[in-house]
Amino acid sequence: MVWIIGCKGMLGSEVCRTLSEKNIDFTGTDSSVSILDYSALENFACGKDISFIVNCAAYTAVDKAESEVEKARALNADGPKNIARLAKKLACPLIHISTDYVFDGSASSPISENSPIKPIGAYGLTKAEGEKALVAETDDFYILRTAWLYGFDGKNFVYTMIRAMNSHESVKVVSDQRGTPTNCQTLSLVISKIIEDRMSKKHEVPNGIYHVTDEGETTWFDFTREIKKQALKAGILVNEGCVVNPCSTSEYPTPAKRPSYSVLDKSKIQKALGFKLPEWQESLGKFINSPLFDKKRIDIVE
Ligand SMILES: NC(=O)c1ccc[n+]([C@@H]2O[C@H](COP(=O)([O-])OP(=O)(O)OC[C@H]3O[C@@H](n4cnc5c(N)ncnc54)[C@H](OP(=O)(O)O)[C@@H]3O)[C@@H](O)[C@H]2O)c1
C-alpha cells in the first residue's frame, strides 16, 4: 500500500486522485499524523503493509518563511528526516518533493540535477536542508524537484489571476522571472509511474534526484497572458477588457527573494521513464477545461 503524507495539500490531493484512478492501493494522512513526531508516524504505519511513501507535506509559505525560519526548517528538514528514517526501517522507497528554489537563479540555460545548490531565501534553504537530511537517512529515495505548481485543490497563481482579471481593469505581473508553470497532474502522473514501474519490477527507475515540471519556459507575465487567452475561450473569464501589464521584480518587492531563472532540465526523468512531459500551455488547457476546475475559487458560484 502507498502512503501519501500531506494528502490534503494541493499536490497531495492530486496524487490521491491519480492513484485512485489507476486503482493503486493507497492511504493518506494529513497534519493530524505530524511529520514532526516520529512516533506518530511509526504508530500510523504499524500493522499496515506500507510498500511506498510519498511525502507531499511541507511548509510552503515562501514569504512567511523569512520570518518563521525555524517553523519552515521543522517541516521542510526535520519532517523529511523523520519520514526517511521510518522508510529505511520499513525498507520501503520514499518519493519526496523538493523545489527549484534550492537554486539561486543565476543560470541561463535549463538547470540539471547535479548543478550546485545555492538557495537565496529561507524556504529554499530549508528545502535544501531537507534533501540533505533525507539522503543521510535512506538510500532508497526519489527526490523530485518541481516548480510553479498549480492544482485543483489549493490556492494558486491560475485561480488568483483569473479572479483578479475578472474584477480589475488591469493587472501588473512580473516579466523578469523565467520558469515553467506545472500542473499537479503532470507531477502526479510521474509519481504514479515511478510507483508502477517499481512495483512491476519491469524497469526500475534508479534512485536519485530528478527534475520534474511541465515542458517549455515562460515568465509570470506571459503565463498570465496565456491564462487570459485560455480562460476567455473557456468562458470562465468574462472581463475581456482587463489589461495585463508587465512589471519588474524590483517594482513588486516581496519579503523573500525569488530566483530570476529557474527552468529545470527534465531530460533525466524523461529518459528514466521513457515518457515525454507535456508543454506547459497544453497542461494549462487541461486544467482550465477540466470539470475539476473549482469555479468557487474564482468567485463564480453555480
Ligand atoms: N506550490 C508550489 O508552487 C511548489 C513549487 C515547488 C515545489 N513545491 C513543493 O511541492 C510539495 C507540495 O506542495 P503544495 O503546494 O501541494 O503544498 P500545500 O498545499 O501547502 O500542502 C502542504 C501540506 O502539508 C501538510 N502539513 C503541514 N504541516 C504538517 C505536519 N506537521 N505533518 C503532516 N503534514 C503537514 C498540510 O496539511 P494541513 O492542511 O493539514 O495543515 C498541507 O496539506 C511541497 O514539498 C513543496 O515544497 C511546491
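**Charges, cores and overall fold**

Biologist: How many positive and negative side chains does the protein chain have, and how far apart are the centres of the two sets?
Modeller: In this predicted model, there are 37 positive and 39 negative side chains. The two centres lie 1 Å apart.

Biologist: Why is the chain said to agree with a compact globule?
Modeller: The rule is 2.2 Å times the number of residues to the power 0.38. For 302 residues that puts the radius of gyration near 19 Å; the chain has 19 Å, so the value agrees. The C-alpha trace spans about 60 × 40 × 35 Å along its principal axes.

Biologist: What share of the residues is called buried?
Modeller: Buried residues make up 54% of the 302. The cut-off is under 20% relative accessible area.

Biologist: What makes the largest nonpolar core a core?
Modeller: Its members are buried nonpolar residues joined through side-chain atoms within 4.5 Å. There are 30 of them; Ile4, Ile95, Leu144, Ile191 and Ile194 have the most contacts inside. Elements giving two or more residues include β1 (2-5), β4 (94-99) and α6 (184-200). The largest share, 6 residues, comes from α6.

Biologist: Which residues does Ile95 contact, leaving aside neighbours within four places in sequence?
Modeller: Among them are Phe52, Val54, Tyr142, Leu144, Ile191 and Ile194. Contact needs heavy atoms within 4.5 Å.

Biologist: Which residues does the second core include?
Modeller: That separate core has 29 residues, including Ala164, Cys247, Leu284 and Ile298.

Biologist: How many contacts, as a percentage, join residues at least 24 apart?
Modeller: The share is 83%, among contacts between residues at least 6 apart in sequence. The chain holds 9 helices and 12 strands.

Terms used
Residues are numbered from 1 along each chain as its sequence is written. This is a predicted model: local features need pLDDT of at least 70, side-chain atom pairs count only at pLDDT 80 or more; totals for chains, interfaces and linings use all residues. Side-chain values use heavy atoms; hydrogens and water are left out. Helices (H or I, at least four residues) and strands (E, at least two) are DSSP runs, numbered from the N terminus. Buried means under 20% relative accessible area, exposed over 50%, partly exposed in between (1.4 Å probe, protein chains only). Lys and Arg count as positive and Asp and Glu as negative; His and the chain ends are not counted. The place of a charge is taken as NZ of Lys, CZ of Arg, CG of Asp or CD of Glu.
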